[in-house]
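Me: Before we begin, I should like to understand how the descriptive terms for this model are justified. Please set each value against its criterion.

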Amino acid sequence: MRKPVTRFPFAAGTTNRFGRSSLGSLGHGFSATNSNTRITFPTLAAAQAAVVSAPVRAGNLGLNSDRLRDQMIQRLRNQGIQDDRVLDAMMAVPRHVFMDEGLASRAYEDAALPIGHGQTISQPWVVARMISVVCENRTPAKVLEVGAGCGYQSAVLAQFIKEVHAIERIRGLYELARYHLRSLKLISRVRLSFGDGMLGLPGVAPFDAIIVAAAGIKIPQALLEQLALGGRLIAPEGTSAQRLILIERIGVATWHREELESVRFVPLRAGIQS
Ligand code: SAH
């Protein structure tokens with residue numbers, strides 16, 4: 001099984017040319033605070049940087065990843081993530097497997113990192129927060145993820161959600177996600193589609209929860225309509241200033257809306273890219 005090639009800011013398999021310091025620039029306009037991350041004040045960012053584990057060589061990561069993942073889980077706990085189902089799921093999924101070898105040594109930092117095609121794998125805190133919010137006081141049975149990217153969040157969801165559906169609009173990333181999920185023997189647990197997630201999956205709806213991993217100006221109405229009664233959707237909303245929005249469907253034509261943290265996500269785009 002060959003890993004699909006991604007259009008990457010540096011040659012696959014090379015040492016990370018962006019350096020190994022924790023929150024430095026990632027090139028191509030990415031930084032730890034502009035792509036699928038929470039916006040934090042400098043003091044908090046500095047504190048987070050200080051607890052980032054010592055750099056390791058990507059080749060040794062297999063041996064060290066349990067310890068690094070454990071540190072990531074402790075950090076998430078310190079940042080207020082309390083749901084053990086989510087923390088256990090993130091402990092179980094090897095995040096470094098989802099990235100290019102050149103960035104694998106940074107996989108357990110609290111940062112979004114490039115995955116090719118101008119997209120990023122979401123910051124661990126963002127993944128943990130979004131899943132925790134839609135799972136608060138419930139275990140959704142059927143979940144839709146819009147924007148599968150490299151497949152990491154789907155793999156985390158599949159650890160404790162019975163039915164996970166995920167959509168990706170960029171063919172190269174859809175194939176990459178399929179490759180990663182297959183390598184981890186999760187491909188039968190995640191129903192992955194190539195398509196425009198703004199349309200949802202009308203043939204599969206209703207969903208108990210929908211997680212949108214890219215930011216639009218407005219949350220697409222089609223997704224709100226595909227929520228089950230009592231179901232929850234979380235999505236970043238906005239352009240330059242973005243916030244995580246939590247929606248709960250409280251009636252056939254009534255949705256309750258709550259604004260959560262300031263974030264910065266890659267854009268939600270209509271249509272597909274082959
Ligand atoms: N969930 C990923 C995050 C990937 S970044 C993770 O686990 O880290 C967000 C992804 O959303 C990108 O891959 C982007 O291509 C995708 N995306 C943007 N608009 C989309 C749309 N309309 N439908 C499906 N995917 C979309």
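Me: Why is Arg189 called partly exposed?

Reply: In this predicted model, Arg189 has a relative accessibility of 36%. Buried requires a value under 20% and exposed a value over 50%. The value for Arg189 meets neither condition, and therefore Arg189 counts as partly exposed. Arg189 belongs to the loop between H6 and E6. Its C-alpha atom is separated by 8.8 Å from that of Gln159, a residue 30 positions apart from Arg189 along the chain.

Me: What makes Lys185 exposed or buried?

Reply: The relative accessibility of Lys185 is 71%. Exposed means over 50%, so Lys185 counts as exposed. Lys185 is also placed in the loop between helix H6 (171–183) and E6. Its phi is near 60 degrees, a positive value in a residue other than glycine.

Me: Which residue in the loop between helix H4 (124–135) and strand E4 (142–146) can be examined in the same manner?

Reply: Asn137 lies in that loop. Asn137 has a positive phi of about 60 degrees, although it is not a glycine. With a relative accessible area of 77%, set against the limit of over 50%, Asn137 is therefore exposed.

Me: Why is Leu157 called buried?

Reply: Leu157 has a relative accessible area of 0%. Buried means under 20%, and Leu157 therefore qualifies as buried. Leu157 is part of helix H5. The C-alpha atoms of Leu157 and Val93 are separated by 9.9 Å, and the two residues are 64 residues apart along the chain.

Me: How do you know whether Ala241 is buried or exposed?

Reply: Ala241 shows a relative accessible area of 61%. The requirement for exposed is a value over 50%, so Ala241 is classed as exposed. Ala241 lies in the loop between strand E8 (227–238) and strand E9 (242–251). Between the C-alpha atoms of Ala241 and Ser262, 21 residues apart along the chain, the separation is 7.5 Å.

Me: What makes Arg264 partly exposed?

Reply: The relative accessible area of Arg264 is 26%. This value is not under 20% and not over 50%, so Arg264 is partly exposed. Arg264 is found in strand E10 (residues 254–264). Although Arg264 and Arg38 are 226 residues apart along the chain, their C-alpha atoms are separated by 6.3 Å.

Me: What is the form of the peptide bond from Ala205 to Pro206?

Reply: That bond, from Ala205 to Pro206, is cis, with omega near 10 degrees. Pro206 lies in the loop between strand E6 (190–194) and strand E7 (207–212).

Me: Let us turn to the ligand. Which residues around the ligand come nearest?

Reply: There are 26 residues around the ligand, of which Ser122, Glu145, Glu168, Gly197 and Arg269 come nearest.

Me: What makes the approach of Glu145 to the ligand a polar contact?

Reply: A polar side-chain atom of Glu145 lies 2.6 Å from a nitrogen atom of the ligand. A polar contact is a pair of N or O atoms within 3.5 Å, so the pair formed with Glu145 qualifies. For Gly197, a backbone N or O atom lies 2.7 Å from a nitrogen atom of the ligand. For Arg269, a polar backbone atom is 2.6 Å from a nitrogen atom of the ligand. The protein covers 99% of the 580 Å² of accessible area that the ligand has on its own.

Me: Where does the ligand sit?

Reply: The ligand sits in the largest pocket.

Me: Which elements each supply at least two residues of the shell around the ligand?

Reply: They are strand E3 (119–121), helix H5 (152–157) and strand E5 (163–168). E3 gives the largest share, three residues.

Me: How do the residues of the shell divide by character?

Reply: The shell around the ligand holds twelve nonpolar, nine polar and five charged residues.

Definitions and conventions. Residues are numbered from 1 along each chain as its sequence is written. This is a predicted model: local features need pLDDT of at least 70, side-chain atom pairs count only at pLDDT 80 or more; totals for chains, interfaces and linings use all residues. Side-chain values use heavy atoms; hydrogens and water are left out. A residue is near a molecule or strand if one of its heavy atoms lies within 4 Å of it. A polar contact is a pair of N or O atoms within 3.5 Å; within protein, one must be able to donate a hydrogen and the other to accept it, and residues adjacent in sequence count only if both atoms are side-chain atoms. Accessible areas come from the Shrake-Rupley method with a 1.4 Å probe; for residues, only the protein chains shown count as cover. On a 1 Å grid over the protein atoms alone, a cavity is a set of points where a 1.4 Å probe fits but cannot get out, and a pocket is an open set with protein on both sides within 12 Å along at least five of seven lines; lining residues have an atom within 4 Å of a point. A molecule sits in a cavity or pocket if more than half of its atoms lie within 2 Å of its grid points. Helices (H or I, at least four residues) and strands (E, at least two) are DSSP runs, numbered from the N terminus. Ala, Val, Leu, Ile, Met, Phe, Trp, Tyr, Cys and Pro count as nonpolar, Asp, Glu, Lys and Arg as charged, and the others, Gly among them, as polar. Buried means under 20% relative accessible area, exposed over 50%, partly exposed in between (1.4 Å probe, protein chains only).
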